[in-house]
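Visitor: I've never looked at this one before. Could you walk me through how to read it?

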Amino acid sequence: MIMCFGHSAYIYTAEMEEIRTAVLCDAERLHRLLRAITVIAPQQVKDAQVLLLNKIDLVDEERLVQTEQILREFNTEAPIYRICAKEGIDDAVLAAIIGG
């Protein structure tokens, strides 16, 4: 399960001993969402164990870097993975999400 702005989730499998929290962030709309949802969104990012930066195909590198910097303001420890869900998520990223 994946948590994102408006969609909360936890990631777990039968083999896992811990439940990991991931936040799915929209690279294209994150800046607007953070302004509109000033309490919920930052707390989700702060609590996340994994940050997934989605829709990277819709923005340029500069916007991606800016978005990652915003995420780092709230969470300095969770790994950030750049993904494009419509193109599929790399197995290594999926393994990192579930703690593998």
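Visitor: How many helices and strands does the secondary structure of the protein come to?

Guide: Four helices and five strands. Helices (H or I, at least four residues) and strands (E, at least two) are DSSP runs, numbered from the N terminus. From that end, the elements go β-β-β-α-α-β-α-β-α. This is a predicted model: local features need pLDDT of at least 70, side-chain atom pairs count only at pLDDT 80 or more, and totals for chains, interfaces and linings use all residues. Residues are numbered from 1 along each chain as its sequence is written, and side-chain values use heavy atoms, with hydrogens and water left out.

Visitor: Which residues of H3 are buried, and which are exposed?

Guide: Here's the general idea: an α-helix has 3.6 residues a turn, so residues three or four places apart point the same way. In H3, the buried ones (under 20% relative accessible area, 1.4 Å probe, protein chains only) are Leu-64, Thr-67, Glu-68, Ile-70 and Leu-71. They cover an arc of only 155 degrees around the axis (taken from the directions from the helix axis to the C-beta atoms), which puts them on the same side of H3. On the other side, Glu-62 and Glu-73 are exposed, meaning over 50%.

Visitor: Which residues have the most contacts inside the largest nonpolar core?

Guide: In soluble globular proteins, nonpolar side chains tend to be buried together. A nonpolar core is a set of buried Ala, Val, Leu, Ile, Met, Phe, Trp, Tyr and Cys residues joined through side-chain atoms within 4.5 Å. The largest here has 14 residues, and Val-23, Cys-25, Leu-51, Leu-53 and Leu-71 have the most contacts inside it. H3 gives the most to this core, with three residues.
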